[in-house]
Amino acid sequence: MDRSNQTSPLVGFILLGLSAHPKLEKTLFVLILVVYLVILLGNGVLIVVTILDSRLHTPMYFFLGNLSFLDICYTTSSVPLILDSFLTPRKTIPFSACAVQMFLSFAMGATECVLLGMMAFDRYVAICNPLRYPVVMSKVACGPMAVGSWAARITNSVVQTSQAVRLPFCGDNVINHFTCEILAVLKLACADISINVISMVVANVIFLGIPVLFIFVSYVFIIATILRIPSVEGRKKAFSTCSAHLTVVFIFYGTILFMYGKPKSKDPLGADKQDLVDKLTSLFYGVVTPMLNPIIYSLRNTDVKAAVRNLVSQKHLTE
């Protein structure tokens with residue numbers, strides 16, 4: 001019988017996660033919990049110091065504060081559910097909660113691409129056109145840039161999620177994932193999803209492809225400008241101002257390329273192993289990258305380290 005004739009109102013989904021690896025679930029529960037606490041602490045501290053320390057009231061740290069807030073929101077939309085799934089035998093999620101999670105993860109995940117692009121533009125102006133930096137990257141300009149990136153991604157997420165939840169779903173409600181990842185949900189629809197796929201491809205080109213191209217072009221000009229600096233010390237100082245951002249970009253996009261660029265195995269046993277690797281890579285992308293962002297910016301940035309030390313010393317003085 002045709003699947004489309006067997007549709008019925010869907011109450012919720014079953015998330016497989018790592019059900020086939022119970023021992024690994026217990027180990028990962030502890031590990032992911034620790035990582036999540038580090039994410040909250042590290043990104044929370046970055047947000048606080050960028051607000052309280054006047055020396056960090058610059059465009060670069062304004063965008064860094066946005067990135068830290070984004071990482072907290074992104075991980076909070078999925079990590080608590082993942083931790084709960086590691087302890088629960090039957091990992092179910094209501095349809096409405098699944099829709100909310102799709103919206104949040106889709107909006108937060110791609111907003112990071114746009115913010116990284118804006119941070120690359122900030123470094124381009126600072127190094128290639130330093131005299132125009134106060135004008136181009138003024139507070140009047142940075143505010144609308146950040147608000148625009150959030151508004152555009154949230155609007156697109158509303159469109160993508162609303163298209164997904166209107167689809168008819170058949171009896172099979174098992175998602176082979178930790179969370180309600182939108183592509184995994186679309187696979188369960190018993191209707192034509194070509195419009196959804198085309199819409200997502202267009203959105204990815206705009207919000208993922210264009211920022212990548214923008215970052216690449218910006219760093220071509222940045223590197224060319226740095227190489228023209230006569231002194232070695234001057235080149236090192238100029239490169240150090242963008243090394244943290246470049247490291248975050250490599251980790252963020254490198255993980256995406258690894259997730260979606262590797263070949264698929266045709267061997268059934270190899271497919272099972274690949275399924276496990278895909279899930280662990282997705283987990284890495286979802287929690288380890290947000291954890292590394294504040295660590296990288298703290299270790300490779302003297303201004304942030306000085307601001308953190310100043311905040312700690314002020315707290316000791318008040319006590």
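**View 1. I296 is buried in this predicted model, with a relative accessible area of 10%**. The residue belongs to helix α10, which covers residues 268-299. Because buried means under 20% relative accessible area, the value of 10% places I296 in the buried class. Once its neighbours within four places in sequence are left aside, I296 is in contact with A244, T247, V248 and I251. For A244, the C-alpha atom lies 6.0 Å from that of I296, although the two residues are 52 residues apart in sequence.

**View 2. I127 of helix α4 is shown with the residues that it contacts**. Is I127 buried or exposed? With a relative accessibility of 13%, I127 counts as buried, and the helix that holds this residue, α4, runs over residues 95-128. Apart from neighbours within four places in sequence, the contacts of I127 are I222, T225, I226, A238, T241 and C242. Along the chain I127 and I222 are 95 residues apart, yet their C-alpha atoms are separated by 6.5 Å.

**View 3. K236 is an exposed residue of helix α9**. Helix α9 takes in residues 232-261, and K236 counts as exposed within this helix because its relative accessibility is 55%, where exposed means over 50%. The view also includes I226, which is 10 residues from K236 in sequence and 8.6 Å from K236 in space, from C-alpha to C-alpha. I226 is also one of the residues in contact with I127.

**View 4. Helix α6 is displayed along its length, together with the elements that cover its buried residues**. The helix consists of 27 residues, from 139 to 165, and at 1.5 Å a residue these should span 39 Å; the end C-alpha atoms are 39 Å apart, which agrees with the expected span. Which residues of α6 are buried? They are C142, A146, S149, W150, R153, N156, S157, Q160, T161, Q163 and A164. The cover over these buried residues includes α2 (59-76), α4 (95-128), α7 (182-186) and α8.

**View 5. N156 is a buried residue within helix α6**. Its relative accessibility is 11%, so N156 counts as buried. If residues up to four places away in sequence are not counted, N156 touches F106, A203 and F207.

**View 6. A nonpolar patch on the surface includes V201 of helix α8**. The patch has an area of about 590 Å² and is made by V197, I198, V201, V202, V205, I206 and I210. V201 sits in helix α8, which extends over residues 194-227, and this residue counts as partly exposed because its relative accessibility is 46%.

**View 7. Two pairs of side chains form salt bridges, D53 with R55 and R123 with D122**. How many salt bridges does a search of the whole structure find? The search finds 2. In the pair formed by D53 and R55, the closest N and O atoms are 2.9 Å apart; here D53 is buried, with a relative accessible area of 8%, whereas R55 counts as exposed at 52% relative accessibility. In the other pair, the side chains of R123 and D122 meet at 2.7 Å, N to O. R123 is buried, with a relative accessible area of 8%, and D122 also counts as buried, at 0% relative accessibility.

**View 8. Two segments that a UniProt entry annotates as "transmembrane region" are picked out, residues 28-49 and 61-83**. The annotation comes from an unreviewed entry, and it also covers residues 103-121, 205-227, 239-260 and 280-299. In the model, the chain is 100% helix and 0% strand over residues 28-49, with the end C-alpha atoms 31 Å apart. Over residues 61-83 the chain is 91% helix and 0% strand, and the end C-alpha atoms of this segment are 31 Å apart.

**View 9. The whole chain, with 11 helices and 3 strands, gives the setting for the close-ups**. From the N terminus on, the elements follow the order β-α-α-α-β-α-α-α-β-α-α-α-α-α. Of the 319 residues in the chain, 44% are buried. Among contacts with a separation of 6 or more, 80% come from residues 24 or more positions apart. The chain exposes about 16700 Å², and carbon and sulfur atoms supply 71% of this area.

Terms used:
Residues are numbered from 1 along each chain as its sequence is written. This is a predicted model: local features need pLDDT of at least 70, side-chain atom pairs count only at pLDDT 80 or more; totals for chains, interfaces and linings use all residues. Side-chain values use heavy atoms; hydrogens and water are left out. Patches are made of residues with over 30% relative accessible area and no salt bridge: like charges are joined within 9 Å, nonpolar side chains (Val, Leu, Ile, Met, Phe, Trp, Tyr) within 5 Å. Accessible areas come from the Shrake-Rupley method with a 1.4 Å probe; for residues, only the protein chains shown count as cover. A salt bridge is a side-chain nitrogen of Lys or Arg within 4 Å of a carboxyl oxygen of Asp or Glu. Helices (H or I, at least four residues) and strands (E, at least two) are DSSP runs, numbered from the N terminus. Buried means under 20% relative accessible area, exposed over 50%, partly exposed in between (1.4 Å probe, protein chains only). Contact means heavy atoms within 4.5 Å. UniProt positions are given in the numbering used here, feature names are shortened, and annotations may be inferred rather than shown by experiment. The expected span of a helix is 1.5 Å times one less than its number of residues.
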